[in-house]
Amino acid sequence: MKLKERVALITGAAAGIGQATARKFASEGATLILCDRSAEAVQREASSLTAEGHRAAAYTLDVTDRAGIDAVVQDVKGRFGRIDILVNNAGITQDARLARMTEDQFDAVIDVNLKGVFHCSQAVADTMLEQQRGVILNASSVVGIYGNFGQTNYAASKFGVIGFTKTWARELGPKGIRVNAVCPGFIETDILKTMPPKVLDGLRDACWQRRLGTPAEIANVYAFLASDDASYINGAAIEVSGGISL
Ligand code: NAD
């Protein structure tokens, strides 16, 4: 039970990697604050965790809505007294080659994947500073290290998330707050549904484990980084990709 008595807020917690991370954190004893823009799905997830005996609360939250984020943080502080862990997991793709990418596509991805991480982290940082303790974990991607065809907006957002991580690790590290990023390779979730099967086959071939990853394999890394086992890891961007970049 490595996260016992920790209060963990996870964005995009209703599906995919966020859902798997919530389940892993619950199994390690954390109290879960599940946030997602999908109201029904996040409520269902929280109910299913509480039915299994875990402590979980659901909030309908869009990470582009700063007033909404501030309201959730205030409510969580009132109900649970603290926020120990923030996982900035919510993310979207809207792919197109540079020549065809619209400004709307560019802005939508930057607003959620980059500005959303800024809003949530800034909203939670004061609480962590008061506590003189906290962990912020950011969802980047291998695409945030190496770039990817057709993902100008997504790659920029995920590179930016690594920049946030290294900057906040410097600013907040001396105050007892660790900040790290996880860079998954290609993981079997809904976000890959827009990719043609041929492209997915190519990604499997390019990976030195010859398969896509599972959400649980990313959740395990978040759980490690959130725990005291990672007490001297700060400002890292950890690739979890089956070696796809080798
Ligand atoms: P997913 O699409 O399966 O789930 C994303 C969740 O985020 C959904 O529940 C969705 O409702 C929620 N969400 C989307 N926009 C939101 C918003 N504005 N506010 C609040 N919630 C929002 O995605 P996933 O594959 O689990 O990805 C999770 C994170 O991991 C993302 O940041 C993604 O970029 C990153 N990532 C995923 C992969 C992959 O291959 N799946 C690889 C690298 C990085």
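**Figure 1. Residues around the ligand in the predicted model.** The shell around the ligand has 29 residues, and those that come nearest are G12, A15, G16, G91 and T189. Sorted by class, this shell holds 14 nonpolar, eleven polar and four charged residues.

**Figure 2. Helices that contribute to the ligand shell.** Two helices, α1 (16-27) and α4 (103-131), each supply at least two residues of the shell around the ligand. Which helix gives the largest share of the shell? The largest share comes from α1, with three residues.

**Figure 3. The seven-stranded sheet.** The sheet is open, and its strands pair in the parallel sense in the order β3-β2-β1-β4-β5-β6-β7. At the edges lie β3 (56-60) and β7 (237-240), each of which pairs on one side only. From one strand to the next, the twist averages 20 degrees.

**Figure 4. Pairing of β6 with the edge strand β7.** Strand β6 spans residues 177-184 and is joined to β7 by four bridges in the parallel sense. At V182, the bridge partner in β7 is I238.

**Figure 5. Helices α3 and α6 against the sheet.** Helix α3 (residues 66-80) lies across three strands, β1 (7-11), β2 (31-36) and β3. The direction of α3 is at about 160 degrees to β2. Helix α6 packs on the sheet as well, where it touches β5 (134-139), β6 and β7. The angle between the directions of α6 and β6 is about 160 degrees.

**Figure 6. Geometry of the α4 and α6 pair.** Helix α6 covers residues 152-172, and its axis comes within 8 Å of the axis of α4. How do the two helices run relative to each other, roughly parallel or roughly antiparallel? The axes cross at roughly 15 degrees. Because angles under 35 degrees count as roughly parallel, α4 is roughly parallel to α6. The crossing of α4 past α6 is right-handed.

**Figure 7. Residues in the contact of α4 with α6.** On the α4 side, the contact is made by Q105, F106, V109, I110, N113, L114, V117, F118, S121 and A125. These meet N153, Y154, A156, S157, K158, G160, V161, F164, W168 and L172 of α6. By class, the contact has 13 nonpolar, six polar and one charged residues. The charged residue is K158. Helix α4 also supplies at least two residues of the shell around the ligand, while α6 also touches β5, β6 and β7 of the sheet.

Terms used: Residues numbered from 1 in each chain as written. Predicted model: local features only at pLDDT ≥ 70, side-chain atom pairs only at ≥ 80, totals over all residues. Near = placed C-beta within 6 Å. Axes fitted to C-alpha atoms, helices over the stretch in contact; angles between N-to-C directions. Parallel < 35°, antiparallel > 145°, perpendicular 65-115°, else oblique. Left-handed = near helix turned anticlockwise from the far one by under 90°. Contact = placed C-beta atoms within 7 Å. Pairing = 2+ DSSP bridges.
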